[in-house]
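I am opening this notebook to keep track of what I look up, entry by entry, for someone who has not seen the structure before.

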Amino acid sequence: MHLLLEPRERVSFGIAAILRGRAEVESEVSWVALAAHLEQAVVVDADERALLCATSAYRWHQPSPEQLGSAACRRLLELGLLLGDQPAHAGPRALDQTVRDMHWWLPAAIMHRHSRWQGVDSVDEMHAQGLVTAADLRRSLGPPPPAVTPHEGVYAPLPRAAGTAFDAMLERRATCRNFDVDRALPLSVLGQLLQRSVMAQATLEAAPDTVFLKKNVPSGGGLHPVEAYLLVQNVEGLVPGLYHYHPLEHGLLALPSPPPAQMRGLARQILSGQDWFADAPAMIILAPRFERCFWKYRNHAKAYRAIVLDVGHLSQMLYTCATEAGLGAFVTAAINEIDIDRALGLDGVQQGAMAVFGLGWRASQQATTEFDPAHRVWA
């Protein structure tokens, strides 16, 4: 079992000193253990840290009766930070084995596991911190680093090409925060978008059980591990609900879903409270199958980065296709991954959500400000 031990410091003003008229800062350091197979960080004391550091991550060993009887050993076994071979320890042991069998690079596995959200309302947090507008950010955080950091010297100008229809289309790409809730998205438009972005255009069969996909986006190792799930709210011919997209059959499979009346609530939940996105008629959840990538890149320091790039490639392709179709679109990583995975029946280790893309007809009025400084969308 692999884990990271991290010191965390909590700084506060001493109440006793304040009552005596002095401002004194108090510091309290606690150590937490972050394991790739556990959802939560766990505070550990000195005896528990010593026992963890003395335990092999690879080899089973028989602890002494004194160790087994210690409070540190009992608590670590109960939490799943130590793995035992008794039936009572089967759950954490199976989770740890899944991580090992998936060939995760362990630092990436720990980062992935402990950066996922559940039940977070990022909008409430923004309001609570007073960080809603650009002016709020500047006032609270100071100026950002420069938009561009030039090197010393004279830059040689490049020729500027005359704009084409393609350039004009690219300029219309602006994140949509105002969707027309009364206008359904045609199924044909959604199908064309998926056909251009997520559908496999061809396959290469290296062996009967070894198939590679060719899509319109690049992918690390040509593996294309990112799959698409849909949250549908208002698409012609589709019952509101959750769906899985098959990139070879170019088809949708309905999954167990909440009642249609609850879909917007689910949308808001998975989008961590971002109401301005929650009205999108259709959302595409980009969920990598980590096992597909790690089959080739086993315990590889760059494998997780390649998956993140894959999600970015698909996001940009979806954005471009939606803009070409005259639709508004968004993509966000501020999502509650754990809530999404549970809704879709994913475990977050073999496969898990990483970003959500949404699309639909843009509303005629801006209820929420959109970033369109060139005025290509909102003239």
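**Cysteines, a loop serine and the cores**

Entry on C53. I began with C53, which is exposed, its relative accessible area being 60%. I bear in mind throughout that this is a predicted model.

Entry on disulfides. I then asked how many disulfides the structure holds, and I counted zero. For C53 the closest cysteine sulfur is the one in C73, and because 15 Å separates the two sulfurs, they are too far apart for a bond. I turned next to C176, which counts as buried at 0% relative accessibility. The closest cysteine sulfur to that of C176 belongs to C321, but at 17 Å this is again too far for a bond, since a disulfide needs the two sulfur atoms within 2.5 Å.

Entry on S219. I looked up where S219 sits, and found S219 in the loop between β5 (210–214) and β6 (226–232). Is S219 buried or exposed? I noted S219 as buried, because its relative accessibility is 17% and the cut-off for buried is under 20%. When I set aside the neighbours within four places in sequence, I found S219 in contact with H224, P225 and D310. Two of these partners deserved a further note: the side chains of S219 and D310 are joined by a polar contact of 2.6 Å, and a polar atom of the S219 side chain lies 2.8 Å from the backbone nitrogen of H224. I also checked S219 against V198, and recorded a C-alpha to C-alpha separation of 12 Å in space for two residues that are 21 apart in sequence.

Entry on T320. I moved to helix α14, which covers residues 303–324 and includes T320. I recorded T320 as buried, with a relative accessible area of 18%. Not counting residues up to four places away in sequence, I found that T320 touches M169 and L170.

Entry on the nonpolar cores. I noted that the largest nonpolar core has 74 residues, and that W104, L185, L190, I284, F330, F357 and L359 are those with the most contacts inside it. I asked which element gives the most to this core, and it is α14, with nine residues. Apart from this core lies another, of 13 residues, among them L38, V42, V44 and L51. As a background remark, I added that nonpolar side chains tend to be buried together in soluble globular proteins.

Entry on L185. To close, I listed contacts of L185 beyond four places in sequence, including L190, P281, A282, L327 and L359. The contacts of L185 also include N234, V235, E236, G360 and W361.

Note on methods:
Residues are numbered from 1 along each chain as its sequence is written. This is a predicted model: local features need pLDDT of at least 70, side-chain atom pairs count only at pLDDT 80 or more; totals for chains, interfaces and linings use all residues. Side-chain values use heavy atoms; hydrogens and water are left out. Helices (H or I, at least four residues) and strands (E, at least two) are DSSP runs, numbered from the N terminus. Buried means under 20% relative accessible area, exposed over 50%, partly exposed in between (1.4 Å probe, protein chains only). Contact means heavy atoms within 4.5 Å. A polar contact is a pair of N or O atoms within 3.5 Å; within protein, one must be able to donate a hydrogen and the other to accept it, and residues adjacent in sequence count only if both atoms are side-chain atoms. A nonpolar core is a set of buried Ala, Val, Leu, Ile, Met, Phe, Trp, Tyr and Cys residues joined through side-chain atoms within 4.5 Å.
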